[in-house]
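Q: Please take a close look at a single part of this model. Which residues pack inward there, and what do they pack against?

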Amino acid sequence: MDHAAGHPNDEFVAHLIAGWTVGEGVLPADFGLGEARFAALVERHFPGLVWRPNKALGPTPVLHPEFDDLLHFVADHAADVVAGASDMAVAMATACMGSDHLWQDLGLPSRRELSQLIALNFPALAEANNRDMKWKKFLYRELCQREGIYVCASPSCEACADYANCFGPEV
């Protein structure tokens, strides 16, 4: 972190780059931002760093039909005062297209870093997840509820047979 610019998201961008470099997660080489926006992200957080990942080495997640809705939902909650929060929204929505836990699909070391990333960039979402639901499940549940879609047959999470799938530890 010696070469970081001193922005709040420096550590998270470093984690995303490190995760991608070692083949963790599902993010494409530009984190879903496009080449120019990705270059600006790297320059903002690590001025002078020349990092041009070989796009052929990285994954290319399949964007599901709900991608745009999910991206807008997350971006709507981005903190205006945090530089790069909108970039984190794109990376998170892109990673949500993967099949593992969100922290794994982002290539982060643990759920702790994801929770910190969300608390910094999307504080309203962090506050709303006051029961520590797994993040990808939480985002999809919130998006569905925003659209008026209620898919859970149980009247409350505590009565649901899948409670451990939503709220248990992530391994």
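A: A contact here means heavy atoms within 4.5 Å. Helices are DSSP runs of H or I with at least four residues, numbered from the N terminus. The model is predicted, so local features need pLDDT of at least 70 and side-chain atom pairs pLDDT 80 or more, while totals for chains, interfaces and linings use all residues. Residues are numbered from 1 along each chain as its sequence is written, and side-chain values use heavy atoms, with hydrogens and water left out.

The part chosen is helix α2, residues 35-45, in which F38, L41, V42 and H45 are buried (under 20% relative accessible area with a 1.4 Å probe, protein chains only; exposed is over 50%, partly exposed in between). These residues span an arc of only 95 degrees around the axis, so they lie on the same side of α2; the arc is taken from the directions from the helix axis to the C-beta atoms. The cover over the buried residues of α2 includes α1 (10-21) and α4 (85-95).

F38 has 6% relative accessibility and therefore counts as buried. Ring pairs also link F38 with W20, F31 and W51 into a cluster. Rings of Phe, Tyr and Trp (its six-membered ring) pair if their centres lie within 6.5 Å; planes under 30 degrees apart are stacked, over 60 edge-to-face, the rest tilted. The whole structure has 4 aromatic pairs. For F38 and W51 the ring centres are 5.8 Å apart and the planes at 50 degrees, so this pair is tilted. W51 sits in the loop between α2 and α3 (67-76), 13 residues from F38.

Definitions and conventions
Helix = DSSP H or I, 4+ residues; strand = E, 2+ residues; numbered from the N terminus.
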